[in-house]
Amino acid sequence: NRDGWDWPYILYVGRVWLEYSDKEVWALTPRQFVAQLNVHEDIMKQMHGQKPNTGKSNPTGFIDQIPGW
């Protein structure tokens, strides 16, 4: 994986967990993908009786901090 991105994981999460089409997955920016993945994980935790992620433990990221973007 030369570019540092885990494409099989990204496509799996986009298609299976988020239920997006290929076109919708490829249209997401990295920031949108991570935000929607975090929401999905919070919902799953709530459904299974766990405390949701409030985002306070994750630092805010910016697009210019992602290599290749």
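These are my notebook entries on a small set of look-ups in one predicted model.

**Entry 1: the outline**

I began with the element count, and I found 3 helices and 0 strands in the protein. Read from the N terminus, the order is α-α-α. Next I asked how much of the chain is buried: of the 69 residues in the protein, buried ones make up 16%. I also looked at contact range. Taking contacts between residues at least 6 apart in sequence, I noted that 32% join residues at least 24 apart.

**Entry 2: α1 against α3**

How do α1 and α3 pack? I looked up the pair, helix α1 at residues 7-17 and helix α3 at residues 30-47, and found an angle of about 55 degrees with the axes 12 Å apart. That angle makes α1 oblique to α3. I wrote down the handedness too: the crossing of these two helices is left-handed.

Then I listed who meets whom. From α1 come Y9, I10, V13, G14 and W17, and from α3 they meet F33, L37, H40 and E41. Sorted by type, the residues of this contact are 6 nonpolar, 2 polar and 1 charged.

**Entry 3: the core**

Which residues form the largest nonpolar core? I count 7 on my list, namely I10, V13, L18, V25, L28, F33 and L37. Two elements, α1 and α3, give two or more residues to this core. I10, V13, F33 and L37 caught my eye, as they also appear in the contact of α1 with α3.

I followed V25 a little further. Setting aside residues up to four places away in sequence, V25 touches I10, L11, G14, R15 and Y20. I10 is a fellow member of the core.

**Entry 4: L18 and H40**

Here I moved to L18, which sits in the loop between α1 and α2. Is L18 buried or exposed? Its relative accessible area is 15%, so I put it down as buried. Not counting residues up to four places away in sequence, L18 touches V13, Q36 and H40.

H40 was the natural next stop, and I found it in helix α3. H40 also counts as buried, because its relative accessibility is 15%. Apart from neighbours within four places in sequence, H40 has W17 and L18 as its contacts. I checked the backbone spacing of the pair as well: L18 and H40 are 22 residues apart along the chain, and their C-alpha atoms are separated by 7.4 Å.

**Entry 5: two tyrosines**

I looked up Y9 and Y20 side by side. Y9 is in helix α1, whereas Y20 is in the loop between α1 and α2, the latter helix covering 22-27. Y9 is partly exposed, at a relative accessible area of 35%. Y20 is partly exposed as well, with a value of 22%.

What do they touch beyond four places in sequence? For Y9, I noted W17 and L37. For Y20, the contacts are G14, R15, V25, L28 and Q36. V25 and L28 in that list are members of the largest nonpolar core.

**Entry 6: a backbone check at E19**

My last stop was E19, in the loop between α1 and α2. Where does its phi fall? I found phi of E19 near 60 degrees, a positive value in a residue other than glycine. I marked the spot because most residues other than glycine have a negative phi. On the side of accessibility, E19 counts as exposed, since the figure is 67%. That sets E19 apart from L18 in this loop, which is buried.

**Entry 7: where I would look again**

Good places to reopen the structure, friends: the meeting of α1 with α3, which includes W17 and H40, the L18 contacts with V13, Q36 and H40, and the positive phi at E19.

Methods: Residues are numbered from 1 along each chain as its sequence is written. This is a predicted model: local features need pLDDT of at least 70, side-chain atom pairs count only at pLDDT 80 or more; totals for chains, interfaces and linings use all residues. Side-chain values use heavy atoms; hydrogens and water are left out. Axes are lines fitted to C-alpha atoms, for helices over the stretch in contact, and angles run from 0 to 180 degrees between N-to-C directions. Helices (H or I, at least four residues) and strands (E, at least two) are DSSP runs, numbered from the N terminus. Angles under 35 degrees count as roughly parallel, over 145 as roughly antiparallel, 65 to 115 as roughly perpendicular and the rest as oblique. A crossing is left-handed if the near helix is turned anticlockwise from the far one by less than a right angle, and right-handed if clockwise. Contact means heavy atoms within 4.5 Å. Ala, Val, Leu, Ile, Met, Phe, Trp, Tyr, Cys and Pro count as nonpolar, Asp, Glu, Lys and Arg as charged, and the others, Gly among them, as polar. A nonpolar core is a set of buried Ala, Val, Leu, Ile, Met, Phe, Trp, Tyr and Cys residues joined through side-chain atoms within 4.5 Å. Buried means under 20% relative accessible area, exposed over 50%, partly exposed in between (1.4 Å probe, protein chains only).
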